[in-house]
Amino acid sequence: MFLFRVCDALSAAGVPFAIAGGYAVALHGAVRGTVDVDLVIRLDESSFTRAEQALMTLGLQPRLPVTAAEVFRFREEYIRNRNLLAWSFVNPSNPA
């Protein structure tokens with residue numbers, strides 16, 4: 001299951017994380033259809049960088065052309081001026 005692969009990759013990279021969103025609700029027993037995995041990671045540059053590397057080992061790529069370091073360093077500007085609400089990754093060979 002993809003969720004387990006994501007969790008294993010983040011754990012192996014030493015990234016503190018929590019599952020949020022639809023999968024978190026489902027893990028608590030409420031059925032909810034979702035196709036994305038929502039994660040919360042520690043707000044420090046190292047966690048961002050290690051999360052990026054871990055997700056990329058699964059074939060995922062950032063949806064926006066910015067690096068983990070840029071997202072961390074400029075997050076306030078991105079939120080305020082560019083409406084960045086989430087840092088998203090996709091599988092370019094299977095965007096669904």
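Read along the sequence, the elements of this chain follow the order α-β-α-β-α-β-α-α-β. The model is a predicted one. Five helices and four strands make up its secondary structure. The points below treat the chain as a whole, then helix α3, the largest pocket and arginine 73.

**Overall chain**

- The chain has 96 residues, and buried residues make up 29% of them.
- Among contacts with a separation of 6 or more, 54% are accounted for by residues 24 or more positions apart.

**Helix α3**

- Helix α3 covers residues 45-57, which is 13 residues.
- At 1.5 Å a residue, helix α3 should span 18 Å, and the distance of 19 Å between its end C-alpha atoms agrees with this.
- The buried residues of α3 are Ser47, Phe48, Ala51, Glu52, Ala54 and Leu55.
- Viewed down the axis of α3, these buried residues fall within an arc of 170 degrees, so they line one face of the helix.
- As general background, an α-helix has 3.6 residues a turn, so residues three or four places apart point the same way.
- The partners against which the buried residues of α3 pack are two helices, α1 (2-12) and α4, together with the strands β2 (38-41), β3 (61-62) and β4 (89-90).
- Glycine 59 follows α3 and has a positive phi, near 90 degrees.

**The largest pocket**

- The largest pocket holds about 1,000 Å³ of space.
- Its lining consists of 30 residues, and those nearest the centre of the pocket are Val37, Leu39, Trp87, Ser88 and Phe89.
- Two or more lining residues are given by each of α1, β2, α3, α5 (75-82) and β4.
- Strand β2 provides the largest share of this lining, with four residues.
- By residue class, the lining of the largest pocket comprises 23 nonpolar, three polar and four charged residues.
- Helix α3 thus appears in two settings: its buried residues pack against other elements, β2 and β4 among them, and the helix also gives residues to the lining of the largest pocket.

**Arginine 73**

- Arginine 73 belongs to helix α4, which runs over residues 68-73.
- Arginine 73 has a relative accessible area of 57%; this residue is therefore classed as exposed, because the cut-off for that class is over 50%.
- Aspartate 44 is separated from arginine 73 by 29 residues in sequence, while their C-alpha atoms are 9.5 Å apart in space.

Note on methods: Residues are numbered from 1 along each chain as its sequence is written. This is a predicted model: local features need pLDDT of at least 70, side-chain atom pairs count only at pLDDT 80 or more; totals for chains, interfaces and linings use all residues. Side-chain values use heavy atoms; hydrogens and water are left out. Buried means under 20% relative accessible area, exposed over 50%, partly exposed in between (1.4 Å probe, protein chains only). The expected span of a helix is 1.5 Å times one less than its number of residues. The arc is that of the directions from the helix axis to the C-beta atoms. Contact means heavy atoms within 4.5 Å. On a 1 Å grid over the protein atoms alone, a cavity is a set of points where a 1.4 Å probe fits but cannot get out, and a pocket is an open set with protein on both sides within 12 Å along at least five of seven lines; lining residues have an atom within 4 Å of a point. Grid points are joined across faces, edges and corners, and a volume is the space filled by probe spheres set on the points. Ala, Val, Leu, Ile, Met, Phe, Trp, Tyr, Cys and Pro count as nonpolar, Asp, Glu, Lys and Arg as charged, and the others, Gly among them, as polar.
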